[in-house]
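Student: Could we go through this structure by question and answer?

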Amino acid sequence: MYVLTSEQMKQIDKKATSEIGIPEVVLMENAGFCVFEEIKRDLGDLKQKRIAVFCGKGNNGGDGFVVARYLLEQSDNVQIFIFDENVSASSKVFLNILKNLSANIQVLNEELLARLYHERFDIIVDGIFGIGLVRDVEGLYRKVIEYINSSEAYVYSIDIPSGVCSDTGQIKGVAVKANKTITFMYPKIGNILYPGAYLCGKLIVKDIGIPEKVVEKISTKILSREELNIEKLYRYPDTHKGDYGKVGVVAGSKFFPGASVLCANACVKSGCGLCFLFSPIESLSLHNFRNPEIITVAIESKDGVVTFEGFKQKEEFLKRLDVIAFGCGLTSSVEVEKILIHILKNFQIPIVIDADGLNVLANNKEAQTLLHEYKAPKILTPHYKEASRILSCDVSEVAKNPLDVALQLSKKFDCVCILKGARTIITDGNNIYINILGNPGMAKGGSGDVLTGIVTAILAQGYSGLDAAKLAVYLHSLSADILLERKSMQTILPSEIIENLDFAFKRVIEG
Ligand SMILES: NC(=O)C1=CN([C@@H]2O[C@H](COP(=O)(O)OP(=O)(O)OC[C@H]3O[C@@H](n4cnc5c(N)ncnc54)[C@H](OP(=O)(O)O)[C@@H]3O)[C@@H](O)[C@H]2O)[C@@H](O)CC1
Ligand SMILES: [K+]
């Protein structure tokens with residue numbers, strides 16, 4: 001499903017009205033009716049319900065007037081609160097209808113607001129701002145939103161909770177916390193990214209009668225099963241391990257042996273033909289006991305960390321493999337930096353760079369240039385902090401606009417970027433996918449190493465970088481969601497996410 005910016009939605013609305021000739025008031029009527037239908041479906045008999053509808057000056061408020069008109073037919077207590085009599089042209093039509101119906105319409109001011117704190121509403125409809133919110137919410141608007149959030153009523157937001165930026169999901173000063181949000185045609189980015197996604201409560205997407213033909217291809221989509229390329233996962237009967245790729249995982253140190261265990265174990269559990277783990281001996285000793293499928297290659301180390309000379313002794317072997325995963329648990333050191341630079345200069349193998357590999361990129365401009373020029377497929381898997389280090393910005397900047405950051409990274413290095421977060425973003429610089437699966441039980445050290453292993457193994461099975469990234473992110477979070485069906489967020493472990501890939505693969509393949 002597409003996810004739209006406010007501008008894209010406005011263009012679609014505009015085409016529907018100017019090219020197809022559907023009057024704006026018809027769309028507004030449909031939008032308002034959809035919201036009413038949802039309320040009616042949830043609550044059934046509304047007769048005794050005390051209902052407040054808050055309407056701003058724009059078309060979001062117009063939708064609110066339509067909802068109010070339908071609610072008036074159902075309940076004896078519907079109060080409509082406006083900020084200004086001077087509303088948009090289409091909204092005016094519906095405001096006038098309400099006036100003709102002698103509806104209870106009150107213009108908000110400080111005094112009225114103070115009185116509202118002594119009233120009790122069962123339902124609040126939020127039609128203050130939609131996709132037309134352009135600046136921070138202040139003054140009376142802010143106070144009304146604070147009032148809504150303090151009330152015990154069940155809150156329905158129209159299109160998007162008022163105060164949430166529809167292009168980023170960020171709060172513009174203050175925002176409504178809704179129980180349910182009814183958005184029209186397609187979700188907006190602010191409905192999907194946090195904190196907007198949280199403030200929406202349950203999100204419902206409703207068709208308001210805009211013909212599909214006015215919708216041009218949108219580059220941002222929700223990552224769903226339909227978007228995955230699962231054909232390549234099919235295994236012909238007459239195959240052998242060489243058909244599924246040989247992976248080299250360069251990972252681990254005396255300090256983080258677990259990272260290499262998780263990464264390599266996720267690799268073998270995600271279907272690659274062979275997995276070789278290149279690690280210092282100190283890291284491998286833990287490893288050998290646990291994962292007999294993994295072929296270990298000891299790299300000479302100093303103080304428990306891989307050395308460049310040690311790597312060079314084994315590099316001919318690594319060069320013969322199909323995909324490299326580089327970075328998990330290596331630690332940050334000059335030697336690690338030298339190794340990555342050497343790989344980027346001398347190898348032509350698809351590469352997945354995570355953790356300490358990303359730190360090399362953050363610290364070393366030469367590595368950045370080399371990565372940009374590296375010809376084989378490349379996938380970066382930063383979390384917000386790693387992305388901020390590479391782009392030399394504050395992590396809060398990444399959180400404010402993760403889509404832009406993922407695009408920037410992808411373009412900077414001509415790579416596929418998996419920007420990991422509560423909503424992981426995947427992009428190849430053109431297409432953007434937002435992952436909505438997964439749960440806070442994944443917010444633990446080691447989850448990222450597991451994802452790196454999965455994506456590397458899938459890349460080795462003949463996938464493009466983008467398709468591998470999509471499939472891996474989906475499987476990783478689906479596995480955690482399946483675990484959550486019988487475990488708690490506190491107890492889910494990254495190693496269990498690997499074990500549970502059995503069921504995630506099965507669900508993805510069999511539907
Ligand atoms: N187009 C269509 O066909 C359809 C659209 N639909 C609906 O329309 C919604 C979009 O409507 P919209 O474009 O009128 O914008 P909307 O969100 O109501 O807000 C604009 C108003 O808010 C004001 N304002 C902004 N920021 C502010 C601030 N911080 N503090 C105070 N004021 C602020 C701004 O004032 P101004 O900047 O002009 O001073 C302007 O008056 C959309 O979300 C959906 O619900 C549906 O009916 C289906 C068909
Ligand atoms: K709203």
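The questions below concern a predicted model.

Student: Which strands stand at the edges of the sheet?
Tutor: Seven strands make up an open sheet with parallel pairing, ordered β3-β2-β1-β4-β5-β6-β7. An edge strand has a single partner, so one of its sides is left without a neighbour in the sheet. The strands in that position are β3 (104-107) and β7 (202-206).

Student: Which residue of β7 stands opposite Ile 182?
Tutor: Strand β6 covers residues 180-184 and pairs with β7 in the parallel sense, over five bridges. Within β7, the residue opposite Ile 182 is Ile 204.

Student: Is Leu 199 of helix α8 buried or exposed?
Tutor: Helix α8 spans residues 196-199 and includes Leu 199. Leaving aside residues up to four places away in sequence, Leu 199 touches Pro 161, Val 164, Ala 175, Val 176, Lys 177 and Ala 178. A residue needs 20 or more other C-beta atoms within 10 Å to count as buried. Leu 199 has 24 such neighbours, so it is buried.

Student: How far apart are the end C-alpha atoms of helix α17?
Tutor: Helix α17 (residues 402-413) has twelve residues. At 1.5 Å a residue they should span 16 Å, and the distance in the model agrees with this. The end C-alpha atoms are 17 Å apart.

Student: How many residues of α17 are buried?
Tutor: The buried residues include Pro 402 at one end and Phe 413 at the other. Leu 403, Val 405 and Gln 408 are also among them. The helix is mostly covered, and of its twelve residues the number buried is nine.

Conventions
Residues numbered from 1 in each chain as written. Chains lettered and ligands numbered in written order. Predicted model: local features only at pLDDT ≥ 70, side-chain atom pairs only at ≥ 80, totals over all residues. Pairing = 2+ DSSP bridges. Helix = DSSP H or I, 4+ residues; strand = E, 2+ residues; numbered from the N terminus. Contact = placed C-beta atoms within 7 Å. Expected span 1.5 Å × (residues − 1).
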